[in-house]
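Work through these exercises with the structure open beside you. Try each task before reading its solution.

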Amino acid sequence: MINPLHQFDFRRSPTGVIARCANRNSSNSSRSPYTCSSQHCRAGFTVIELLVVIGLILLMISIFAAVFGNTILTARERATQATILKIDGLLQQRLESFNRAVDKALEQGTNNQRYFRQVRNELGIGSANTNNYIPAMKVLSRKMLLKQTFPQSFETTEMPTNHPLLTNPAYVPANHKRETESSACLYYALTQAQVFGLPPVSPDNFSSNEVRDTDGDGLLEFIDAWGEPLRFYRWPTALVRNTTSGTTATLATASNSNPPLTYPNGTIDRQYGLVLIPDLPASTGTNLDPLGVDPDDGYGRIQSMLLGLGQSDAAFRNNYHQLDTFFTPLIVSAGPGKVLGLQEPHTTTGRLGLPASRDDLLDDISNFNNRR
Ligand SMILES: [Ca+2]
Ligand SMILES: [Ca+2]
């Protein structure tokens, strides 16, 4: 006879697990009071209960993983922003020093002829008479000096083969990866070069999380919090004038009576530039878009000079950038996705900041879009 009181006998084991026994037999009295015969007991939970519990655990794990993952991402983004802003601050100091010194030198005319000769050589107009274009030659001299002070790649149009970076005994060209070039150049310009009287900053200003030799070529470069080299674009004009590759442009003809209002290298397009530079000058709705003005050359003097000399703008684009186009120096991290979305600074057209993929561009961190 089964004792009805034993039909459902709930007991709690020392571990807290409830054992639910049915038809508990008195002959099992020698067993532990907390164990049941498999014949008669169904220990623990039903399958459905277990699935529910497992589901809840998985849900909690996924929630914690998402929260924790976002925390790491935000910390890395913040660290990258801090590094870029620090570099940008030092760069701006040097640009101000550069501008003061170059203004003075060009005003006094001390080195004008030497500068002019170099500029003429770069443009392939070495023997041309440029006396009628002194303002344009001064603008070009400024660009040439800026390029020499802040190169962005190891290309021969950017730096001479006897540049201290390239002749550094520690440099191992066989290990060199080109995506590190602009960052290595910027690190050199800030920490090892004098900029028109402004001394270099101490490398101690940067931690091992901000500076590394990622390609093992013996040259240090600035890195982001994902360990990827930052990129530096001195004149990212193709970022805003990107409807052509920058290689098929032709100058406005001499018969064009209003060349500053033409865009010989393609139309202005803000969609990519605004991702990296949210404060791009807005269109005024007039004929002349502010992005169609070179900050160094508000009057379009270079184009006028090239027209006057019957010169193509090809050499200008090869050595400098797109004619009559807004630019501002850009420091970029490829972001969490580690894909830049811009052509590299060392490529012929990419040094102008030509967009490659808007999707890859969206998570990039720049010296402008991290001020939100
Ligand atoms: Ca390196
Ligand atoms: Ca990216």
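**Exercise 1. Helix 5**

Which residues of helix 5 are buried?

Solution. This is a predicted model, so every step below concerns a prediction.

Step 1. Set the cut-off: a residue is buried if 20 or more other C-beta atoms lie within 10 Å of its own.

Step 2. Go along the helix. The buried residues are Glu-181, Ser-182, Ser-183, Ala-184, Cys-185, Leu-186, Tyr-187, Tyr-188, Ala-189 and Leu-190.

Step 3. Draw the conclusion. Ten of the eleven residues of helix 5 are buried, so the rest of the structure largely encloses this helix.

Step 4. Set this beside the whole chain. The protein chain has 372 residues, and 33% of them count as buried. Its folded elements are nine helices and seven strands.

**Exercise 2. The largest nonpolar core**

Find the largest nonpolar core and say which element gives the most to it.

Solution. Start from a general tendency. In soluble globular proteins, nonpolar side chains tend to be buried together.

Step 1. Count the members. The largest nonpolar core holds 54 residues. Ile-87, Leu-186 and Ile-302 have the most contacts inside it.

Step 2. List the elements that give two or more residues to this core. They are helix 1 (47-108), helix 2 (112-123), helix 3, helix 5 (181-191), strand 5 (231-233), helix 6 (270-276), helix 7 and strand 6 (330-333).

Step 3. Pick the main contributor. Helix 5 gives the most, with seven residues.

Step 4. Zoom in on Leu-186. Leave aside its neighbours within four places in sequence. Leu-186 is then in contact with Ile-87, Phe-222 and Phe-232.

**Exercise 3. Two helices that cross**

Describe how helix 3 passes helix 7.

Solution. Two packed helices are described by the angle between their axes and the distance between the axes.

Step 1. Give both values. The axes of helix 3 (residues 134-149) and helix 7 (residues 301-308) come within 9 Å and cross at roughly 120°.

Step 2. Give the hand. The crossing is left-handed.

Step 3. Name the residues in contact. Helix 3 brings Pro-135, Ala-136, Val-139 and Leu-140. Helix 7 brings Arg-301, Ile-302, Ser-304 and Met-305.

Step 4. Sort them by class. The contact has six nonpolar residues, one polar and one charged.

**Exercise 4. The open sheet**

What is the strand order in the open sheet of three strands?

Solution. Step 1. Read the order: it is 5-6-7, with antiparallel pairing.

Step 2. Find the edges. Strand 5 and strand 7 (365-366) each have a single partner strand, so one side of each is left without a neighbour in the sheet.

Step 3. Check the pairing of strand 5 with strand 6. It is antiparallel and runs over three bridges. Arg-231 has Val-332 as its bridge partner in strand 6. Phe-232 stands opposite Ile-331 of strand 6.

Step 4. Check strand 6 against strand 7. They pair in the antiparallel sense over two bridges. Ser-333 has Ile-365 of strand 7 as its bridge partner.

Step 5. Look at the side chains of strand 6. Leu-330 and Val-332 point one way, Ile-331 and Ser-333 the other, and all are buried.

**Exercise 5. Loop residues**

Is Phe-196 buried or partly exposed? Ask the same of Asp-324, then examine Phe-327.

Solution. Step 1. Recall the background. Most residues other than glycine have a negative phi.

Step 2. Take Phe-196. This residue lies in the loop between helix 5 and strand 3 (211-212). Its phi is near 45°, a positive value. With 15 other C-beta atoms within 10 Å, Phe-196 is partly exposed.

Step 3. Take Asp-324, in the loop between helix 8 (314-319) and strand 6. Its phi is positive too, at about 50°. Asp-324 has 27 C-beta neighbours inside 10 Å, so it counts as buried.

Step 4. Turn to Phe-327, also found in the loop between helix 8 and strand 6. Phe-327 has 25 C-beta neighbours inside 10 Å and counts as buried.

Step 5. Trace its contacts. Leaving aside neighbours within four places in sequence, Phe-327 touches Trp-235, Pro-236, Thr-237, Pro-295 and His-321. Phe-327 and Ala-238 are 89 residues apart in sequence, yet their C-alpha atoms are 8.9 Å apart.

Technical notes. Residues numbered from 1 in each chain as written. Chains lettered and ligands numbered in written order. Predicted model: local features only at pLDDT ≥ 70, side-chain atom pairs only at ≥ 80, totals over all residues. Axes fitted to C-alpha atoms, helices over the stretch in contact; angles between N-to-C directions. Helix = DSSP H or I, 4+ residues; strand = E, 2+ residues; numbered from the N terminus. Left-handed = near helix turned anticlockwise from the far one by under 90°. Contact = placed C-beta atoms within 7 Å. Nonpolar A, V, L, I, M, F, W, Y, C, P; charged D, E, K, R; others polar. Core = buried A, V, L, I, M, F, W, Y, C linked by C-beta atoms within 7 Å. Buried ≥ 20, exposed ≤ 12 C-beta atoms within 10 Å, placed from the backbone. Pairing = 2+ DSSP bridges.
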